[in-house]
Amino acid sequence: MVRPSETAMFLLFMAAFVVPSLAADILYPVESESRELRTLHGLWNFKISPLSDQSIGFNEKWYEERFEKLGDYWKMPVPSSYNDVSTNSTIRDYVGWSWYQHEFYVPKRWTDDQLNVFLRFGSVHFKSIVWLNGQLCVDHEGGHLPFIGNATSFLKYGELNLIVVAVNNTLRPDTIPQGYTKFPNNAYKYPKDYRIYSHEFDYFDYSGINRAVYLYTTPKVYVCDITVLTSFGNNSEGVVDYKVDICGNSVSECNIKLFDADRNIVVESNTCSGQLIIPNVIPWWPIMSGKKHIAYLYTFQVKTNNKNSDYYRMRIGVRTLQWTSKELLLNNEPMYLRGFGKHEDSIIRGRGYDDALSARDFYLIKWLGANSFRTSHYPYAEETLQQADSEGIMVIVESAACNLRIFGPDVMRFHKGVMTENVNRDKNHPSVIMWSLANEPYNNVELSVPYFQELYQHVRKMDPSRPITFVNSQQIQNAKAIEHMDILTLNRYSSWYSDSGHLELIQYQTYNELEAFTKKFKKPILITEYGAGALSGLHSLPETMWSEDYYVTLLQEHFKTFDSLITNGIPILGEMIWNFADFKTPQEYIRPGLCVKGLFTRERQPKMAAYVVKERYNKFKSVDRYRRCCDWRERVTLPSPSLHSPPATPSPHHNHNYTSNTSTRLCSCCSAWAQYVFEQR
């Protein structure tokens with residue numbers, strides 16, 4: 001068996017001969033007048049290296065030979081995770097070097113027309129090395145994010161081409177996320193060189209070529225990056241500050257056109273960087289915000305001004321984000337997030353992206369009346385964010401740093417690298433409203449403070465427009481570094497992991513804790529996880545843990561708490577349930593192969609809890625306008641039902657007609673909100 005030190009030396013040797021990924025050049029591949037796009041999807045040949053000889057594929061040059069000659073291979077669909085496709089438990093649980101191979105043609109005219117040809121992977125987990133026709137093309141380390149290699153000089157035009165991808169899903173203490181390999185020195189219990197591999201996150205670590213593989217062409221001079229930042233001017237104007245990067249030579253002239261949803265030109269420019277002014281702009285608003293136009297998108301078109309012009313188009317939304325010590329504002333209106341954490345997880349396909357599954361998930365999100373989700377615990381597919389843009393769903397994008405416990409310069413370099421790739425990829429999505437640097441790190445240690453301060457500043461320099469956080473699970477007396485984040489986010493499982501079975505404690509504990517966090521750190525708080533396991537079809541009266549009835553009651557107790565917090569002026573930004581749907585976990589005795597905290601089963605069918613959440617979330621369709629109407633940042637505690645005083649200056653969102661009340665003076669809309677809260681009690 002190759003021990004870690006030997007493997008590390010081998011990888012360093014290989015890396016010296018590999019062309020690095022075009023990390024900054026990761027625009028989503030699209031077709032246009034100047035570009036062609038082809039997928040390499042299908043059944044690829046697949047092999048795994050023996051655990052006792054992890055370097056065999058490199059030593060025997062598997063990247064040059066057709067697997068049919070080598071023998072002992074499987075057929076593996078791309079894109080998909082390899083783990084659950086076969087009936088072989090070795091493949092399901094495999095950790096190490098696996099190998100993919102595929103043959104394809106490209107047209108001869110691509111070289112006749114003197115085009116660039118790029119090879120793009122949406123996500124390979126975790127480390128990958130790519131050969132084209134036996135030549136090293138590109139390598140990349142880090143799952144969940146795209147990478148690109150320039151394939152132009154490696155391809156055979158008009159002939160058969162061979163692509164080989166070596167994939168290693170072994171995580172290390174210096175990667176994001178972190179993993180650990182141990183060799184127990186116990187001959188009584190374990191055979192010689194037995195390896196124990198572990199990680200701390202509680203979801204199954206699906207591996208392989210999980211997302212789309214594309215070949216696409218561009219002219220020699222091409223658009224390689226676009227950055228847009230939107231705002232509002234006076235007189236209902238929209239403002240788009242933009243910068244277009246051109247690769248290939250020093251061409252610095254562009255034609256920019258902005259189209260509305262009806263494909264009419266709204267504004268035009270002839271510079272590669274500048275500002276577009278949109279008269280009578282239609283802002284991007286999230287779903288259930290009570291606006292006439294939801295998720296309105298413009299099309300930003302770039303044309304390079306040279307002989308063989310490149311055309312690139314992407315959809316953008318015009319919206320702003322601000323955050324204060326009490327609220328998160330989108331287009332100057334306070335947002336209240338109703339949603340959940342999710343996972344990219346499905347039967348057979350694993351973490352492999354699937355359009356049908358994604359469409360189903362968004363139908364269910366809208367059916368629930370949710371307006372947001374968090375990409376727990378890694379960046380999701382670009383197609384998912386594109387759909388969120390067009391459906392008006394707000395998204396917190398989270399890095400893959402789940403349960404980070406080792407802090408130091410090596411992991412910092414890796415963490416900065418994946419955050420750079422993540423921000424570069426997702427910076428132009430109007431649906432992305434927040435960056436999460438990590439989920440439940442061990443931020444109770446002092447080393448976490450300078451670590452997250454430095455990481456925060458790294459991301460802030462790249463993106464000044466969005467709030468930054470990491471999701472905390474530590475108790476308030478142990479929580480460090482969160483004071484340096486913009487928003488407080490908190491995972492809590494009252495009456496599940498703590499005080500199991502004691503539903504009567506939820507309101508007392510949750511209210512006190514969220515109030516204490518906001519008072520101590522003077523920042524608004526978002527509950528990012530709460531919930532309970534529920535086996536579909538299991539019922540118990542009175543309710544007991546693991547039954548659907550228990551989950552329903554637990555949710556209802558939390559709903560009462562959130563309403564009390566809102567009514568009494570505690571700056572809470574929203575409520576996100578764990579989890580959207582059941583998902584696969586590592587084998588362990590505390591779960592039946594799945595985390596069953598989902599509102600939906602893994603097959604995307606509703607549990608009882610889904611109907612309860614649907615009832616609550618859909619009530620916000622009628623009450624959101626009451627929340628927005630008055631300045632509910634300034635409240636006082638009053639006799640039941642607790643109400644807030646009207647602002648000294650009426651809100652611009654509503655015409656206030658104050659009515660008299662024995663305890664305070666309320667405008668009519670706030671009276672309606674107060675009545676709603678009273679009815680919920």
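The exercises below concern the disulfides and one buried acidic residue of a predicted model.

Residues are numbered from 1 along each chain as its sequence is written. In this predicted model, local features need pLDDT of at least 70, side-chain atom pairs count only at pLDDT 80 or more, totals for chains, interfaces and linings use all residues, and side-chain values use heavy atoms, with hydrogens and water left out.

**Exercise 1.** Determine how many disulfides (pairs of cysteine sulfur atoms within 2.5 Å) there are, and describe each.

*Solution.*
1. The count comes to two disulfides.
2. Cys224 and Cys247 form a disulfide with sulfur atoms 2.1 Å apart. Cys224 is in strand β15 and Cys247 in strand β16, 23 residues apart; strands are DSSP runs of E with at least two residues, and helices are runs of H or I with at least four, numbered from the N terminus.
3. The torsion about this S-S bond of Cys224 and Cys247 is about 75 degrees, so the disulfide is right-handed.
4. Cys254 is joined to Cys272, S to S 1.9 Å. Both Cys254 and Cys272 are buried, where buried means under 20% relative accessible area, exposed over 50%, and partly exposed in between (1.4 Å probe, protein chains only).

**Exercise 2.** Describe the surroundings of Glu383.

*Solution.*
1. Glu383 is in helix α7, residues 382-391.
2. Glu383 is buried without a salt bridge, that is, a side-chain nitrogen of Lys or Arg within 4 Å of a carboxyl oxygen of Asp or Glu.
3. Leaving aside neighbours within four places in sequence, Glu383 is in contact (heavy atoms within 4.5 Å) with Tyr28, Tyr214 and Tyr353.

Methods:
Lys, Arg positive; Asp, Glu negative; His and termini not counted.
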